[in-house]
Amino acid sequence: MQYRSKYIGYAALLLGVLSLFAASCKKDGYALPKPSDKLQNEAIKRTLGPNIVGQPIEFAYAMAILPSKGKLVSCTAEASIAGAAGTYMDNRSYYTDVTGTDVGVTVGSPSVTSGATTTVTYTADTSAATLRYFYVIPEEARGKSVTIKFTAKSSNGETISTTMGPYTITRMDMRLNMKLSNKNMMYISIGDSTVYDSAGAAAHAGNIDLVYLYRNLTTSAFNHALVAPAADTTYLPGVLLPPGVNRTAKLLKVFNLQDHNLAPTEQYGGTFIDDVDFQKLDLTGDPNYAINLKQGAGVWVETADGKYRAYIYFNAVATAGTATVSMKRYTLTNGK
Amino acid sequence: MKYIAIALIVLLAACTWAACSKSVPVDEDGLLITTRRDCFVSSFELLGTDYVSVRSGAATIDTTAQTVKVTVLFGSDLKHLYPQFSLAQDCKLNPKITGFVDFSDTLNPKKWTVISGDRQVKKEYSVILSVQHR
């Protein structure tokens, strides 16, 4: 009797454990989600990095309604600050083919921009589409915030909206692919964002911050250099400065800081220089020259009057004494 | 029987305490103090603000005179150089290098003390800089 009781106890325990396992493995029932019968929308920002004046911010705006309820009529993007020339909405809806290529299908008339509003009117009989909106940042938005309100309308009279942002527009600006050449286009004005030759430098003497030169010396690695006009003449060998070109600057040499805006094709250019980098930059005690610069090198600069900070990136150099540089420039206000 | 049990408990506690107590000495930096008495600089590097070497040639290390002589490239920013020492095994350096160092006063070379693994031998090295001519 005692053995039978123990046997029953063990059996009950085993049954309990098995039941527990069975219960834990049981899948919850799944039901297909029921689609909303209302007009729906969703937006994403496709552009990464800082929002720079003159550059576009790209959005993808998706809208859809059940075919039985209606079709799409129009799509509107309204910016809080009107976009600059070039702002538009693509009238094609994209899908990705098997090769990974985005293929556009025209679904509406070309966009019409009036003030801050850009509209595409649908011409295709469609109930779902994703349109891309390119907002070119205007000068008026510098240092401010921008929001974009997307609105879709359907044939059954429904309207739906979503607002993206606010997005802070940087104070810095950008100049790409400036050509420098030894003994010719060699005078850089950060304030003017321009490169001058000797005559131009003489005409804008007070604005010249840097001199580009290339020297292939056998005794030292001079090579490509950016030197402030006021630097010791040992760093300006053979340079006869135009009259009045005498400003100094502070320079800090770096390497492999490949800003994605300045060097979009660089393999490791996943870094973005933003306003905050210029705000935190401290060039106290730095020299007024940077020599032996190579492709991939960069130079942080602060002008003598403390008005500008800049980052100049060397996209390409050649031993013929030429270089292609790109620059991000930040205008300081009250030292910040 | 009761006394044997108490004795066993006491023995177990003693063994546990002995197992947990540290027998390996560490210094104030949490570094292991070993028995090694080697105390020298084995190699030396100097980087610029771009973290690229500014040496124009290999550094000359004199372990007798306790000097490191290095010539830097023309145009190097002497106020912002990043020295890197390789030391004998288990040694450490004082003061610690935490960032760029100002070497612009070439008449008064910067000095670092190498401390041996047993922390008993200390040797002060001078880093003497010269600049390559243009």
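1. Let's start with how much of chain A is tucked away: of its 336 residues, 43% count as buried. Keep in mind as you read on that this is a predicted model.

2. Next, the overall outline. Chain A has a radius of gyration of 31 Å, whereas a compact globule of 336 residues would come in near 20 Å. Its C-alpha trace spans about 110 × 70 × 45 Å along the principal axes.

3. What is the chain built from? Chain A holds 21 strands and three helices. As for how the sequence folds back on itself, take the contacts in chain A between residues at least 6 apart in sequence: 61% of them join residues at least 24 apart.

4. Now the surface and the charges. About 17400 Å² of chain A is exposed, and carbon and sulfur atoms supply 54% of that area. Chain A carries 31 positive and 26 negative charges, and the mean positions of the two sets are 7 Å apart.

5. How many disulfides turn up over all chains? A search of the whole structure finds zero. Take C39(B), which is in no disulfide: the nearest cysteine sulfur belongs to C91(B) and is 4.9 Å away. That pair does not qualify because a disulfide needs cysteine sulfur atoms within 2.5 Å.

6. Are these two cysteines, C39(B) and C75(A), buried or exposed? C39(B) counts as buried because its relative accessibility is 4%, and buried means under 20%. C75(A) also counts as buried, with a relative accessibility of 0%.

Technical notes:
Residues numbered from 1 in each chain as written. Chains lettered and ligands numbered in written order. Predicted model: local features only at pLDDT ≥ 70, side-chain atom pairs only at ≥ 80, totals over all residues. Heavy atoms only, no water. Helix = DSSP H or I, 4+ residues; strand = E, 2+ residues; numbered from the N terminus. Rg over C-alpha atoms; globule rule 2.2 N^0.38 Å. Buried < 20%, exposed > 50% of the residue type's maximum accessible area, 1.4 Å probe, protein only. Contact = heavy atoms within 4.5 Å. Areas by Shrake-Rupley, 256 points an atom, 1.4 Å probe, with all protein chains shown as cover. Lys, Arg positive; Asp, Glu negative; His and termini not counted. Charge placed at Lys NZ, Arg CZ, Asp CG, Glu CD.
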